[in-house]
Structures are given as C-alpha cells and as structure tokens.
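Reader: I'm new to reading structures, and the vocabulary trips me up. Could you take me through this one and tell me what the words stand for?

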Amino acid sequence: MNLDAHAIEAAIKAQIIAIADTLGCDASDLPSDEVIPATGLIDSAGLLELIAWFEKTYDFRVPASELTIDNLGTLSAMAVYLRRRKGLA
Amino acid sequence: MAVPVHVPRVNNNDDEVKLVELKVAVGDAVRAGQVLGCVETDKAMVDIESPSDGFVLAVQGEIDTQVVVGTVLLWLGAGVDEAVPQPAAPVSAGAADDGVRQAPTAKALALLRQHGLRADDVRASGERLSADDVRQHVAARGARAPAGAAAKVVAQATPPSEAGLPVALNGNERGMLHTVSWQRQAAVPGYIELSYDHAAWEAHAAAYGQQHQLLLNPLLPLMAWRLVELVAQQRRANATLVGEQRFEYTAVNLGFSVQAGDTLYLAVLRQAAQRGRTGFVQDLVDLQRRAAAHELQPGELQGATVGFSSMSRWKVSRHVPILAPNTALMVAHTVGADSTGVLGATYDHRVLHGGDVATLLRKLGTVPKA
C-alpha cells in the first residue's frame with residue numbers, strides 16, 4: 001500500500017470519480033483543495049460510501065467525532081489525516 | 001426480542017401437518033424470506049419462510065413427525081445468545097392465583113399460539129382469559145406484530161419459454177422480494193405526494209450542519225427526525241393491521257433506506273423518538289456508515305414500524321416506495337433536477353386514509369420552528 005500523499009490523493013480521487021459517475025457527474029477535474037461536499041459531485045450517501053471505502057482500503061477507523069470538514073473535507077485533507085493516523089506526519 | 005415462527009395451516013381440514021424438512025439448525029443466521037423448512041399434508045406441501053433476518057435460537061419440531069398448526073416451530077432472535085421464551089405448551093386450564101381458572105376463549109387461544117405464549121403467562125381480567133387480555137399483555141411488553149404475517153413470495157414458478165439461465169437471488173434480493181410480496185398480498189397501498197419548500201429545509205440543514213461542524217449534509221436525518229416526531233404524535237401512522245384490528249406500535253422504529261453500492265438496505269433505528277434530535281442525527285449517520293460498509297447486524301435490518309426513503313441523489317421527480325412488512329407508511333423524498341422538493345408517501349389504506357397522509361406530509365414539508 002502506497003502511503004505517499006500524492007498516491008493517497010490519486011486513489012481517493014479515483015474513487016470519487018467512480019461514485020460521481022453513478023450519479024451522472026464528472027469529478028475528473030476535482031482539485032485537491034476543493035471542499036468535496038460543497039462541489040455537489042457526490043451527496044451524503046456517496047460520502048458515506050467514500051468513507052467506508054477509505055477505512056477498508058487503508059485498514060483504519062474514523063471515529064464519529066473526527067468526521068469533520070477539517071479532517072475529511074478535501075482530497076489533501078484526507079491524505080494528511082490518513083498519514084497522521086498512520087504515524088507518518 | 002425473540003420472534004416465533006409458527007407451523008402454517010396448509011388447508012382448512014388439517015389441524016396437524018407433517019414436518020418433512022428442516023433446512024436450518026440452532027445458531028444458523030437466516031434472512032427474511034429464506035426457506036426454513038417444509039410441511040405437508042396428504043394434499044399439499046408448503047415452505048416455511050423466515051419472517052425476518054436473525055439467528056435460529058431454538059427448533060421445536062422433529063422431522064417426520066406431526067406438528068400442530070399455529071404452534072411455534074422455531075424461535076428467531078437478533079443475536080445467537082438471545083434468551084428463548086418458554087415453548088408454547090399445549091394450552092389448557094391452569095391454576096390462577098386464587099383458584100382454578102377456566103380454559104381461555106377460542107380467540108384467546110389462537111392469539112396465545114400466534115405469539116408463542118402460554119395461558120399462565122397472561123393474567124385474565126375475568127373468569128376466562130380473553131383475546132383482549134392477550135392483546136393487552138402483548139402490547140404491554142412491547143411486542144411486534146405477529147410474525148405469522150409473513151407473505152408467501154410472489155414469483156413465477158416456471159421459467160419462461162425463451163432460453164436463459166437461472167441466477168439465485170442473494171440474501172438482500174430475497175429480502176426485497178419478501179417485502180414486495182408482503183405489500184402485494186397483505187397491504188392495500190395508496191400513494192400521495194406534494195411539493196415542499198426545499199430551499200427552506202436546505203437552509204435549516206446548513207445552519208444545523210455549521211453549528212455542529214458536520215461533514216455530511218444533515219438534511220435527510222433532520223427530515224427523518226421530523227417524521228419520527230410526527231408519527232409519535234399520530235399513532236395510527238406507526239401501526240399495521242392484524243386481523244380486524246389496528247396494531248399500534250409502542251415504539252417508533254424508523255426504517256431508513258440506504259443505498260450501499262449495489263445493495264439497498266432498509267436500516268432500522270429502534271426507539272427513535274427517545275433519542276432526541278441531536279442523538280437521532282448522530283445515531284442515524286452512524287447507522288448509515290455501517291450500512292455503507294455492509295456492517296449492519298441482523299437486528300438493524302428488521303422491525304421497522306415506519307419508513308423514510310430518499311431518491312434525491314438520483315434527481316428523480318417521483319418515486320413510489322414499497323411499504324416495509326408490517327408498516328403502514330413509507331415516506332418518499334426527492335428533489336428533482338429543477339430543485340423542486342417532493343414528499344410522497346405510500347400508505348396502507350387499511351390503516352390510514354389520504355387525509356391523514358396529506359396532513360402529515362404537509363407538516364413534514366414545513367421546517368420546524370426552533
């Protein structure tokens with residue numbers, strides 16, 4: 001598993017693109033610092049699907065209290081959060 | 001609470017049937033609609049289907065023996081360690097606290113068997129144990145609607161003439177088949193819809209989300225909470241029909257549809273009205289998370305007393321939902337491509353009428369005052 005920040009962001013973005021595609025949206029231009037819920041590309045159910053994938057792929061658990069915009073709101077925030085939880089940052 | 005699975009009646013003339021097959025054993029996990037076993041008479045064979053998801057707690061019949069129609073054949077529970085109620089012994093006159101009691105009435109006897117109870121379990125209000133005594137006992141302990149209301153699956157028995165391959169349904173698909181079959185066979189569905197002020201609800205949800213620093217838009221959990229508040233006040237919306245009586249549930253158990261990949265769950269949040277708004281929103285988000293990760297427990301997939309379903313993510317202009325078994329109301333929410341908010345509801349016309357539902361939807365569409 002590649003835990004380089006860019007690799008994490010790329011993997012998350014690929015997943016967002018797949019989820020958005022099922023909703024008829026194109027997320028291929030999603031920037032790293034764009035607040036994902038605000039884009040309208042994926043809805044709450046899509047975000048939950050993304051988080052479930054995130055936890056399973058990287059084998060960790062996000063506590064409910066850490067389910068915030070600061071931690072998981074953007075691609076770069078998600079990568080930073082994961083690396084911090086894995087003790088890499 | 002453990003759920004009884006009763007021996008079905010195959011025809012009017014046979015009070016006993018032969019248990020010819022059991023496909024499950026104690027400890028097995030089962031899904032709603034799964035075939036648990038089979039009974040037969042001289043004239044016919046009938047499959048016994050699981051009324052809900054769960055685990056087999058006890059088996060009270062033996063293969064190749066005669067079993068009495070209406071008695072409890074199996075007990076199901078939400079967990080494997082759940083206590084098994086006393087088996088339903090043949091009901092006869094028993095000693096009351098203060099002397100000899102006469103046998104229960106025929107209706108009471110039928111209800112006792114339906115709920116897996118013994119006559120001694122229920123206090124009689126008069127000389128004989130009556131059906132009302134049993135109903136009050138069941139209501140007092142927060143019982144579910146009788147599991148015997150399970151519907152036989154509606155499906156074509158023989159394949160079509162054109163070439164093709166049969167593909168077995170998975171557990172969730174069988175559950176959906178069971179749900180649809182229940183509505184088709186047991187309910188008398190009606191449908192009503194009206195538009196609502198989506199922008200006002202969105203603003204309300206945005207303010208709440210900002211106040212609580214939420215990542216996820218709380219719109220649907222907040223609307224679901226409003227539904228819970230409303231049906232807690234309007235008990236007939238949180239009910240089903242049993243025989244010729246309305247069975248009003250004690251608790252509001254909200255069934256909330258969650259699409260997780262290819263799987264559609266109706267995740268159930270029990271005792272919803274007791275959680276308060278903030279607790280409800282948190283608990284519903286947690287339930288949705290576990291549904292999205294396919295981590296729901298059997299007990300979280302059964303026992304809905306009212307339902308809420310949204311297809312706003314698909315931007316459909318209308319969807320007519322299916323009632324969950326033993327419920328009378330399933331609210332359907334959507335927001336069309338033109339941002340028009342729509343609230344609809346499928347309802348069991350045996351329990352609710354259109355005016356009830358329209359009034360409830362109109363209240364639901366109005367943002368509650370702080």
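Author: Sure, let's start at the end of a helix: α5(A) is followed by A:Gly87, whose phi is positive, near 75 degrees. Keep in mind that this is a predicted model, where local features need pLDDT of at least 70 and side-chain atom pairs pLDDT 80 or more, while totals for chains, interfaces and linings use all residues. Residues are numbered from 1 along each chain as its sequence is written, and chains are lettered from A, ligands numbered from 1, in the order in which they are written.

Reader: What makes something a helix or a strand here?

Author: Both are DSSP runs numbered from the N terminus: H or I over at least four residues for a helix, E over at least two for a strand. Helix α5 of chain A takes in residues 75-85.

Reader: Which residues of helix α5 of chain A are called buried, and what does the word require?

Author: They are A:Leu75, A:Met78, A:Ala79, A:Tyr81 and A:Leu82. Buried means that 20 or more other C-beta atoms, placed from the backbone, lie within 10 Å of the residue's own, so these five residues meet that mark.

Reader: Why are they said to be on the same side of α5(A)?

Author: Because they cover an arc of only 165 degrees around the axis, taking the directions from the helix axis to the C-beta atoms. What covers them includes α1 (5-22), α3 (44-58) and α4 (69-72) of chain A.

Reader: How do you know that chains A and B are in contact?

Author: Contact needs C-beta atoms, placed from the backbone, within 7 Å. By that test, 16 residues of chain B are in contact with 18 residues of chain A. On the chain B side, α6(B) gives the largest share, five residues.

Reader: What makes a group of residues a nonpolar core?

Author: It is a set of buried Ala, Val, Leu, Ile, Met, Phe, Trp, Tyr and Cys residues joined through C-beta atoms within 7 Å. The largest one has 88 residues, and those with the most contacts inside it include B:Ala224 and B:Leu254. Helix α5 (residues 219-233) of chain B gives the most to this core, 10 residues.

Reader: Why do β2 and β7 of chain B count as a pair?

Author: Pairing takes at least two DSSP bridges between two strands. Strand β2 (residues 16-22) of chain B and β7(B) have four, in the antiparallel sense, so they count as a pair. One bridge joins B:Glu16 to B:Val68 in β7(B).

How values were computed. Two residues are in contact if their C-beta atoms, placed from the backbone, lie within 7 Å. A residue is buried if 20 or more other C-beta atoms lie within 10 Å of its own, exposed if 12 or fewer, and partly exposed in between; C-beta atoms are placed from the backbone.
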